[in-house]
Amino acid sequence: MQGIKRKVVYVSVFEAIAIVVCSLGFAALSDRSLGHASVLSVATSMVAVLWNFFFTMMFEAWEARQPVRGRSVARRLAHAAIFEAGLIVLLVPLIAWWLEVSLLRALVMDLGLAAFFLAYTFVFNWCFDRIFGLPASAAPMPSRP
């Protein structure tokens, strides 16, 4: 599976799981109801979808220019870490505002979730690539005669 279809399936499955996990996490880490936390989870998911789309596009453009093809453990770890760092910058103010907590408390909450999502992103990407194959940007180049 390649192109936009791959991206839509990837984002849909990843974010559906993320909404459930974030809703439970936000509810557990705040004095808010699961319903209130779920609204925040959907909002953070929308931010994450947009960030994911743009970040993945930039990452795959960079990846396509690399002389070494494939996705090593180091490349997968870098992808996950850079993605999560950008997401923290985008989400901490939203979490603080919605849950009416300080930026510091929102940061601590988001770092806890980010720690989970760092591992989740790594494992999800690995599984996704095993099920659907590598994207064209990471597939081995055909041999030349």
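A contact here means heavy atoms within 4.5 Å of each other.

**Figure 1. The whole chain, a predicted model with four helices in a row.** With that cut-off in hand, look at the contacts with a separation of 6 or more: 70% of them join residues 24 or more positions apart. From the N terminus on, the elements read α-α-α-α, and the count is 4 helices and 0 strands. Along the principal axes, the C-alpha atoms fill a box of roughly 65 × 25 × 20 Å.

**Figure 2. Surface and charges of the chain.** How much of the chain is buried? Of the 145 residues, 39% are. The exposed area comes to about 8,200 Å², and carbon and sulfur atoms supply 76% of that. As for charge, there are 12 positive and 8 negative side chains. Take the centre of each set and you'll find the two 13 Å apart.

**Figure 3. A nonpolar patch on the surface.** Which residues make this patch of about 700 Å²? They are Ile 4, Val 8, Leu 50, Phe 53, Phe 54, Met 57 and Met 58. Helix H1 (3–29) and helix H2 each put in at least two residues, but H2 gives the most, with 5.

**Figure 4. Ile 4, the patch seen from helix H1.** Ile 4 sits in helix H1 and is one of the residues of the nonpolar patch. Is Ile 4 buried or exposed? Its relative accessible area is 59%, so Ile 4 is exposed, given that exposed means over 50%.

**Figure 5. Met 57, the patch seen from helix H2.** Met 57 belongs to helix H2 (residues 34–64) and is also among the residues of the nonpolar patch. Why does Met 57 count as partly exposed? Because its relative accessibility is 40%, and partly exposed covers what lies between under 20% and over 50%. For a ruler in this view, try Ser 45: Met 57 and Ser 45 are 12 residues apart along the chain, and their C-alpha atoms are separated by 18 Å.

**Figure 6. Glu 100, in the loop between two helices.** Here we zoom in on the link from helix H3 (73–99) to helix H4 (103–132), where Glu 100 lies. Most residues other than glycine have a negative phi. Glu 100 has a positive one, near 55°, and is not a glycine. What about its cover? With a relative accessibility of 64%, Glu 100 counts as exposed.

Note on methods:
Residues numbered from 1 in each chain as written. Predicted model: local features only at pLDDT ≥ 70, side-chain atom pairs only at ≥ 80, totals over all residues. Heavy atoms only, no water. Buried < 20%, exposed > 50% of the residue type's maximum accessible area, 1.4 Å probe, protein only. Areas by Shrake-Rupley, 256 points an atom, 1.4 Å probe, with all protein chains shown as cover. Lys, Arg positive; Asp, Glu negative; His and termini not counted. Charge placed at Lys NZ, Arg CZ, Asp CG, Glu CD. Patch = residues over 30% accessible without salt bridge, like charges linked within 9 Å, V, L, I, M, F, W, Y side chains within 5 Å. Salt bridge = Lys/Arg side-chain N within 4 Å of Asp/Glu carboxyl O.
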